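The following exercises concern one protein model and are to be worked with the sequence and coordinates at hand. Each task is followed by a solution in steps.

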Amino acid sequence: MKKPSNIILCLILASGLPLFARPSTKIIKSYSISQNFGTETRELSRSTVVRYNSKNQLIDSTLYIHNIPLSKKYGYIDFKDRQSLQKIEGLERLMHFKYEYNLGDQLVSKQLYGSSDDSLRWKEFYKYYSNGNLWKIVRFDPSKVNMSNKLSGLSSDNKNMPWGESFEYNGDGRIEEHKEFYAGFILNLVYNPSGPQLPPSQKELEDTYRRELKERYGIFFSNLFVLANMPINRYENYLKIIGKLEEYNKLLKDNHNPGNINSVMCRSTLSVDWKGYLYDCDFNQQLGMKRNGDIKHLNDLLTPLVSLRNNPISIGNHCFGCTAGAGSSCGGELS
Ligand code: SF4
């Protein structure tokens, strides 16, 4: 039994496509193989048509499935009736990718369609730094967003939000940071030591978590913040119970780093309780340490010409938890 000619099949499949740009075309075919009457028969089941433009850039790729009716199939397989090869009934488009480029030949979007050109299922946009390095990829399902306002009109609930990736490079042009983001939201992880120690290096830990979470679970995240445990309230009681409170307080004090004083969060943020009283930070709030100076309540901020500038900050021994080592705040390390 003769095998179908691959060359003829290529021509037939290609002829079903518009040839407006005279692209070069590659066909990738897959066959199911069976033994029939002691002779090997081959049946084409799938084919992928990939087209390139004159610059050898991918224009589109289309996956077809070949559901050839039984009556046609035997003519197709035994190749006696060459005419049956011309019949493309049973040829169904499964999915179609389309690629767009800017004038600088950079890929700017990739689109996924279903069985027809009006079934856009997925789109992703590519943005670049001025040196040509990839900066961001933004993806979304167009059916769930306002297409007339592609990005700013996006809803941010879990089903509809787009997601994307961003890239940062070091001086050698190698990717230094690869983050995932969600419609303006970012995914930050927080780490604090399980025991009475200073936290490890934020950068080293972030690199390790980034690598391990990506390799093991395919999870990307934006930042990892390393926080010191503050020896107050519940953690203070825990340290007392295990007999480590004194040791931990000494560790924090011995590692006090004056370089962190300018960056501690009480210099730029305030905490407010449900009654409107102000605190220099949430730790002070937990300890019930009121603010020094005249501004103690939200109402006090309504006084004309009132200013928080140069107001004294209420401090205590727990503040070494912010200044020890590389420093600690709700945004992670300070130095
Ligand atoms: S604990 Fe002390 S140093 Fe840290 S934010 Fe609060 S007041 Fe500032």
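**Exercise 1. The ligand shell**

Identify the residues around the ligand in this predicted model, and sort the shell by class.

Solution. Step 1: the residues around the ligand are V264, M265, C266, D280, C281, F283, N284, I313, I315, H318, C319 and C322. Step 2: sorting by class gives nine nonpolar, two polar and one charged residues.

**Exercise 2. Overall composition**

State how many helices and strands the protein has, and what share of its residues is buried.

Solution. Step 1: there are seven helices and 14 strands. Step 2: of the 335 residues in the protein, 15% are buried. Step 3: for contacts between residues at least 6 apart in sequence, 45% join residues at least 24 apart.

**Exercise 3. The nonpolar core**

Determine how many residues the largest nonpolar core has and which of them have the most contacts inside it.

Solution. Step 1: the largest nonpolar core has 16 residues. Step 2: the most contacts inside this core belong to L252, V264, C281, F320 and A324. Step 3: at least two core residues come from each of helix 5 (245-254), strand 14 (278-279) and helix 7 (320-323). Step 4: beyond four places in sequence, L252 touches F320, G321 and A324. Step 5: as background, nonpolar side chains in soluble globular proteins tend to be buried together.

**Exercise 4. Strands 4, 5 and 6**

Establish in which sense strand 5 pairs with strand 4 and with strand 6, parallel or antiparallel.

Solution. Step 1: strand 4 (residues 91-101) and strand 5 (residues 107-113) are antiparallel, with six bridges; in this pair, E100 stands opposite S109. Step 2: strand 5 and strand 6 (residues 120-128) are also antiparallel, with five bridges, and here Q111 stands opposite K123. Step 3: the hairpin of strand 4 and strand 5 has five residues between the strands, while the hairpin from strand 5 to strand 6 runs through six residues.

**Exercise 5. Positive phi values**

Locate D105 and L305, and decide whether each is buried or exposed.

Solution. Step 1: D105 lies in the loop between strand 4 and strand 5, and its phi is positive, near 65 degrees. Step 2: D105 counts as exposed because it has 10 C-beta neighbours inside 10 Å, and the cut-off for exposure is 12 or fewer. Step 3: L305 lies in the loop between helix 6 (282-287) and helix 7; its phi is likewise positive, near 65 degrees. Step 4: L305 has 4 other C-beta atoms within 10 Å and is therefore exposed. Step 5: for context, most residues other than glycine have a negative phi.

**Exercise 6. Helix 4 and what follows**

Find how many residues of helix 4 are buried, and give the sign of phi at G243.

Solution. Step 1: helix 4 (residues 233-241) is hardly covered, with zero buried residues among its nine. Step 2: helix 4 is followed by G243, with a positive phi near 70 degrees.

**Exercise 7. The surroundings of F220**

Assign F220 to its loop, and list its contacts beyond four places in sequence.

Solution. Step 1: F220 sits in the loop between helix 3 (202-217) and strand 12 (223-226). Step 2: F220 counts as partly exposed because it has 17 C-beta neighbours inside 10 Å, whereas a buried residue needs 20 or more. Step 3: beyond four places in sequence, F220 is in contact with E165, H178, K179, E180 and K214. Step 4: F220 and E165 are 55 residues apart in sequence, and their C-alpha atoms are 8.6 Å apart.

Definitions and conventions. Residues numbered from 1 in each chain as written. Predicted model: local features only at pLDDT ≥ 70, side-chain atom pairs only at ≥ 80, totals over all residues. Near = placed C-beta within 6 Å. Nonpolar A, V, L, I, M, F, W, Y, C, P; charged D, E, K, R; others polar. Pairing = 2+ DSSP bridges. Helix = DSSP H or I, 4+ residues; strand = E, 2+ residues; numbered from the N terminus. Core = buried A, V, L, I, M, F, W, Y, C linked by C-beta atoms within 7 Å. Contact = placed C-beta atoms within 7 Å.
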